[in-house]
Amino acid sequence: MSRVVVIVGASSGVGRATARAFAERGDRLVLAARATTTLAEVRAECADADVLTVPTDVTEPGALEALAGAAIDHFGGVDVWVHTAAVMAYGRFDELPGRVFDQVVRTDLLGTADSVRVALRHFRAAGAGTIVLTGSLLGHVTAPYMSAYVTSKWGLQGLARTVQQELRDSPRIRLCLVNPGSVDTPVYQQAANYLGRVGRPPPPVTSPQRVARAIVNCVDRPRREVSVGRLNVVLRAGFTVLPGVYDMLVGPLMRVAGLSGRPVAAQDGSVFTPNPAGEAVRGGHLPDLRQLVFGPLGAVGAALRRRLG
Ligand SMILES: NC(=O)c1ccc[n+]([C@@H]2O[C@H](COP(=O)([O-])OP(=O)(O)OC[C@H]3O[C@@H](n4cnc5c(N)ncnc54)[C@H](OP(=O)(O)O)[C@@H]3O)[C@@H](O)[C@H]2O)c1
């Protein structure tokens, strides 16, 4: 049965892969993010699906309410609300401008909270619905130079668990938290940076399509929390059981595996304004196997077509 799925953060990375995954299943989509041009591209990628795009900034008061209103006006209701919108900032806590820290928390934590509030109001009235949020491994462990993001993800972990407890009286309304480790998306290059070196996802890196599958599975079989990433359990165990060892190792590991050697001038990245040019499904940190296999085949096909006329 076709569902109406709202995806907040649909223009890039996990949200964009999730839009394509729901479109392939024949669901009707409401796609939201700030960058209007990129939303139009994603709409074209989901060409077979019935798609409404609604430019939305989750930090603007009333924006998510307006998004829900547009979805209900257009499709008559909402069955699933997915929230993947987030931004990142690199820098030592005391060197990161306060306005950047605040905007990351406003986007990643308060924006998500607003999404949950708006979705819940609608689902309580309708008597059913599923909310899927993207947290992070960094909602369970910490890493230096990412204080605003880590603060948001730990807050989100608490919010999700609290709402899940409050929903025990409404078994047909579900909230699922998907917690990925490192994912190959553009978020690292889009981040604000006050550290001087461009960030990157520390290995092992998973694909946004894999996280999208976990999100779609949550809708079919809702679960309280889903972890996506081979080392998540190990890192959580190390953080909890051996905090001294974890703290000793995490700084050097972050500098070697979590930061590239590429220098970058102090900048706000996409924290305050979107950067459509940097938006894509993947971030270029993993080889795209589909592209590796089908890219050369497509090139051969195009060459043959040119030769034949
Ligand atoms: N990539 C990873 O390694 C990783 C790991 C763990 C968890 N996650 C989580 O996965 C989720 C998706 O991240 P991603 O890696 O896919 O990031 P991404 O590729 O940078 O995509 C982020 C999305 O959020 C939107 N967004 C940012 N600020 C917004 C705002 N103020 N209002 C509305 N939309 C906004 C962006 O669009 P506009 O800029 O056009 O608004 C974009 O569509 C996030 O919750 C992230 O924390 C990612």
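The following exchange discusses a predicted model of a protein chain with a ligand.

Colleague: What radius of gyration does the protein chain have, and what would a compact globule have?
Modeller: The C-alpha trace of the protein chain spans about 65 × 50 × 35 Å along its principal axes. A compact globule with 309 residues would have a radius of gyration near 19 Å. The protein chain agrees with that expectation, because its radius of gyration is 20 Å.

Colleague: Among contacts in the protein chain between residues at least 6 apart in sequence, what percentage join residues at least 24 apart?
Modeller: The secondary structure of the protein chain comes to ten helices and 13 strands. Of its 309 residues, 44% count as buried. Among contacts between residues at least 6 apart in sequence, the share that joins residues at least 24 apart is 72%.

Colleague: Which residues does UniProt list for "domain: Ketoreductase"?
Modeller: The annotation comes from an unreviewed UniProt entry. The span in question is 46% helix and 21% strand, and its end C-alpha atoms lie 28 Å apart. The entry gives the domain as residues 3–186.

Colleague: Which element supplies the largest share of the shell around the ligand?
Modeller: Of the 33 residues around the ligand, Ser12, Gly13, Arg34, Ala35 and Thr185 come nearest. The shell residues divide into 15 nonpolar, 16 polar and two charged. At least two residues of the shell come from each of α1 (13–24), β8 (182–183) and α6 (187–190). The largest share, three residues, is supplied by α1.

Colleague: How far apart are the end C-alpha atoms of α1, and what span should its twelve residues have?
Modeller: The expected span follows from a rise of 1.5 Å a residue. For the twelve residues of α1 this gives 16 Å. The model agrees with the rule, because the end C-alpha atoms of α1 are 17 Å apart.

Colleague: How many of the twelve residues of α1 are buried?
Modeller: An α-helix has 3.6 residues a turn, so residues three or four places apart point the same way. In α1, the buried residues include Gly13, Val14, Arg16, Ala17 and Phe22. The helix is mostly covered, and the number of its twelve residues that are buried is ten.

Colleague: Which residue that follows α1 has a positive phi?
Modeller: The phi concerned is near 85°. The residue that has this value after α1 is Gly26.

Colleague: What is the phi of Tyr145, and is the residue buried or exposed?
Modeller: Tyr145 lies in the loop between β6 (129–134) and α5 (147–166). Most residues other than glycine have a negative phi, and most peptide bonds are trans. Tyr145 is not a glycine, yet its phi is positive, at about 75°. With 23 other C-beta atoms within 10 Å, against a threshold of 20 or more, Tyr145 is therefore buried.

Colleague: Which peptide bond is cis, with omega near 0°?
Modeller: One of the two residues concerned, Pro204, has its place in the loop between β10 (197–199) and β11 (205–206). The cis bond is the one from Pro203 to Pro204.

Colleague: What distance separates the C-alpha atoms of Ile173 and Phe123?
Modeller: Ile173 has its place in strand β7 (residues 173–180), and it counts as buried because it has 21 C-beta neighbours inside 10 Å. Leaving aside neighbours within four places in sequence, Ile173 is in contact with Phe123, Arg124, Ala128, Gly129 and Leu167. Phe123 and Ile173 are 50 residues apart along the chain, and the distance between their C-alpha atoms is 6.7 Å.

Methods:
Residues numbered from 1 in each chain as written. Predicted model: local features only at pLDDT ≥ 70, side-chain atom pairs only at ≥ 80, totals over all residues. Near = placed C-beta within 6 Å. Helix = DSSP H or I, 4+ residues; strand = E, 2+ residues; numbered from the N terminus. Nonpolar A, V, L, I, M, F, W, Y, C, P; charged D, E, K, R; others polar. Rg over C-alpha atoms; globule rule 2.2 N^0.38 Å. Contact = placed C-beta atoms within 7 Å. UniProt positions renumbered as here; feature names shortened; annotations may be inferred. Expected span 1.5 Å × (residues − 1).
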